[in-house]
Structures are given as structure tokens and as C-alpha cells.
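Here are a few friendly notes to read alongside the model. Take them one at a time, and keep the 3D view open as you go.

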Amino acid sequence: MASVVFTPFTLPNGNVVKNRIAKAAMEENMADANQLPGGALFTLYRKWAEGGVGLIITGNVMVDHLAMTGPGGLVLEANTPLEPFKKLAAEAKQNNTRLWMQINHPGRQVFKKMGGKVLSPSDIALDMGKHSGLFEKPKAMTEEDINDLIERFVTTASLAQQAGYDGVQIHAAHGYLLSQFLSPLTNKRKDNWGGSLENRARLLITIAKKVREKCGNAFDIAVKLNSADFQRGGFDVNDAQQVVEMLSQLNVDLVELSGGSYEAPAMQGRTADERTLSREAYFLSFAKQIADTTRTPIMTTGGIRRLSVAQQVIESNVDMVGIASALALTPDLPNRWLEAPDIEGVIPVVGWKDKTLAGLATMAQVKRQLRRLGDGKKPTHNAIALVSLILDQLRAAKLTKRYRKQYANEVR
Ligand SMILES: Cc1cc2nc3c(=O)[nH]c(=O)nc-3n(C[C@H](O)[C@H](O)[C@H](O)COP(=O)(O)O)c2cc1C
């Protein structure tokens, strides 16, 4: 009998995902010169659709071309041509796959080299130890900046709907802007947008509400949220539980639980506050705790590469399983599991002493495979981390130059 992982799931708005496996968001940095999707991304997304996942969540798409998580990222804002996004949607929706666009604003997590707007609830710079110089001190947002941001999220969501996406996922995890508002470590505001958890969550809640008003009930709305920041005094699992309750009131269709930030990369299985995460399904105990108290569907992502673990997630009252890295190295892992349930996915591990560099190298290992897939090649499972990191850095430098040249009038 097929595993419970391959049973359909009905979202609160009545839409159905054909199985419980989601390709979690992975920023590919593979956009064309105008921050638009092109041939390589079409090929990549078609591979995932053909590989058997029930749901694809795109890599994060920026709501503002002047606030980029990285070079070669996608941007969808007012006046963006929709055709390339429509084409991407058509490829990704093959094989009855559901498709959500992840929409994001990096806030203070913008590399200094990229330039642009560096905004945050308060003017607190990232602390990355000896790598802190990679980032600039952000500007505390004004009321006008906040209103502009809300508009941007709603515009991007509405354009995604017009381009044929089945829904959006609002990125409020991993230390990006909405997560900066949620965390008491980065949000020191004294107005309606800071202080109590209700105030810190106001921005996320307002955006989710306005997206629903604009896009209607048949359009799926999901949120990616940290189960915890994994920093002392940061956003914790009790906060997450309360925010899920607030989102539940808005009939949000799913909350994906992850964790961490650039300062504390728990999403890669490492914490800054010495809490231990499980070796696989890193956030499962948090996800279960929250799933047990809410009617909103919950998904957890992080460290999953075996069907038996995916099954354990679903049997823990969590509704969907998010998989990122393992689907870069084996894009048809779900189909393979149907044939051979014991097949294990592969997640690159880089054990270097410098944790920041190790984190960058891990990402580089995965992105290298995304580019191979986009080029129509097979992924390799034995790439050398240092080579991947160097290739990634060279490529990023080239793409950053291209970006700065394109927006020379707007980027400092
Ligand atoms: C190359 C790469 C890019 C990523 N980009 C995003 C992103 O754009 N948005 C996001 O929410 N998470 C992003 N993530 C995090 C993943 O969605 C996921 O939470 C994390 O990798 C843990 O899952 P995994 O162990 O299955 O990879 C990225 C991860 C990798 C490896």
C-alpha cells in the first residue's frame, strides 16, 4: 500500500494538493538580466513537476527590485512583464502539481555589495562576527516605508494570481524583513508595529489580510514562519504558536515552520543558542506542538531526505512535508519513493570550522545542482564544496555587477 505521504490533502479553502510532499523554496539566482524567469528556470521547474511533488513553492521572489536577497533573483512588481512568470507557471503546474510563489523582502539581510534599500523595523545591524562587514546597518522604517511595503506584497501576490500561480507563500521566516518585525531582538519600535507580540505580528497579519481581500478565497495563502529564531531572547515557539493562531483567524491555508536566520542558521540544522535539533526533520517537535493546537494546516521543512521520516512527520499530525536540498540533488525523489521506498535523498554537509563559510558552501553546493538541472544535466552527488563555493562567489560577483550596472541610477 502506498505511504500516507502519497495521500491527497485538502486545504481549508477546498483546493487539493495531490500528495503531502512540497518542494520548499530555494532561491536559484538564475534570473535573466531583467530579474525575470528564463529557459533554465523553465527546465528546472518542469523537472520538479515531473518528479512527483504535490506542491512547488518557488524560490523567493522579491517585491522590490531595490531590495534583493541576492544577485540573479526574481522580481515581480508593478510594471513587470507577466509573460515569463506565466511561462514558468505553466511548466511548474504540469503533472497536476500545485504552485505557490514565495514572496519576500530581505529587510536588513541585503549584502552590502548589492546596495539598494536596507530597511528594518529598527536600525540594528546584523551580527555575523568577523563577517558582519558583509552587511550594512539598516534604516529604521518610517510609516510611509511600511505602507509602501504592504502595497508591494499585495501587488506581487495579485500579479502572481494573474500569472496563473495557485497561491502565494508570504516569507516571514529566516530573518528576512517580516521575521525582523516578529523578533524582539530586531524590532525595538515603540509604535503600533513594535512592542507586544500582537504589534510585532501586525505587519504580517495586515499583509495576509490584504492579500486575501485582493485575491479572494480560492487563491491559496500560506506563510513561512520560524518555529523559533534560536537566539536568546528571540522569537520562540510560544510566540510562533500565537502567530499561527492569529493567521488561523484569517483562514490562512498553510503555515510552513522552519527556523533561524543568517545569524543563527537553524534551517541548516545549526543553532546559535546551543539547542539541539533532531538530525532529520529538524523542527518536527515544534511543528507537532503547534499542529496539535491549531486548525490551520502545518508543514515542516528542514533535513528531510527519507520516506520513513516524511511518513513520521505526517503521522505526527503535521499535514505536509517540505523538502528543499534533497530535491535539488534528486528532483524526482517522490517518484523514486513510489518505486523504492528505501531510497535516501542526499543533503550536502560541509563541516568547516568557519560556520558562516560552511553555510555559504552548503548553499553553493545545492545551487550548483539547480544550475545543472536548469542546463538539462543530471545532478552530481559528489561535488567538492570548495569548488562550489568559489564558482558561486565568482558567479555572484558577475551578477552583482550586472545588477548594479542596470540600476546604476537607483543603487548607491
Ligand atoms: C540553495 C538554497 C536556497 C534557499 N532559498 C530559500 C528561499 O528562497 N526561501 C526560503 O524560504 N527558504 C530558502 N531556503 C531554505 C529551504 O527552503 C529550507 O527551509 C532549508 O533548506 C531546509 O530544508 P532542507 O534540509 O530540505 O534543505 C533555501 C535553501 C537552499 C539550500
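1. Accessible areas here come from the Shrake-Rupley method with a 1.4 Å probe. By that method the chain exposes about 16300 Å², and carbon and sulfur atoms supply 51% of this area. Please keep in mind that this is a predicted model.

2. Now the overall build. The chain holds 13 helices and 14 strands. Its radius of gyration is 19 Å, close to the 22 Å that the globule rule gives for 412 residues, so the chain is as compact as a globular protein of that length. Along the principal axes, the C-alpha atoms fill a box of roughly 55 × 45 × 45 Å.

3. Next, the inside of the fold. Of the 412 residues, 60% are buried. Among contacts with a separation of 6 or more, 71% are between residues 24 or more positions apart.

4. Have a look at helix α1, residues 39-50. Its twelve residues should span 16 Å at 1.5 Å a residue, and the end C-alpha atoms are 17 Å apart, which agrees. Which residues of α1 are buried? They are L41, F42, L44, Y45, W48 and A49. These cover an arc of only 165 degrees around the axis, which puts them on the same side of α1. The cover over them includes strands β3 (21-23), β4 (55-57) and β6 (74-75), along with helices α2 (83-92), α10 (325-329) and α12. Just after α1 comes G52, with a positive phi of about 105 degrees.

5. Helix α12, one of the elements covering α1's buried residues, deserves its own check. It runs over residues 355-374, and at 1.5 Å a residue these 20 residues should span 28 Å; the end C-alpha atoms are 29 Å apart, which agrees. At the N-terminal end, D354 acts as a cap: one of its side-chain oxygens lies 3.0 Å from the backbone nitrogen of T356. After the helix comes G376, whose phi is positive, near 80 degrees.

6. Finally, find R305 in the loop between β13 (298-301) and α9 (307-315). Why does R305 count as partly exposed? Its relative accessibility is 22%, and partly exposed covers the range between the 20% and 50% cut-offs. Leaving aside neighbours within four places in sequence, R305 is in contact with E280, A326, L333, W337, I343, E344, G345 and I347. With E344, the side chain of R305 makes a polar contact of 3.0 Å. For a sense of scale, R305 and A92 are 213 residues apart in sequence and 22 Å apart in space, C-alpha to C-alpha.

Methods. Residues are numbered from 1 along each chain as its sequence is written. This is a predicted model: local features need pLDDT of at least 70, side-chain atom pairs count only at pLDDT 80 or more; totals for chains, interfaces and linings use all residues. Side-chain values use heavy atoms; hydrogens and water are left out. Helices (H or I, at least four residues) and strands (E, at least two) are DSSP runs, numbered from the N terminus. The expected span of a helix is 1.5 Å times one less than its number of residues. A polar contact is a pair of N or O atoms within 3.5 Å; within protein, one must be able to donate a hydrogen and the other to accept it, and residues adjacent in sequence count only if both atoms are side-chain atoms. Buried means under 20% relative accessible area, exposed over 50%, partly exposed in between (1.4 Å probe, protein chains only). The arc is that of the directions from the helix axis to the C-beta atoms. Contact means heavy atoms within 4.5 Å. The radius of gyration is taken over C-alpha atoms; the globule rule is 2.2 Å times the number of residues to the power 0.38.
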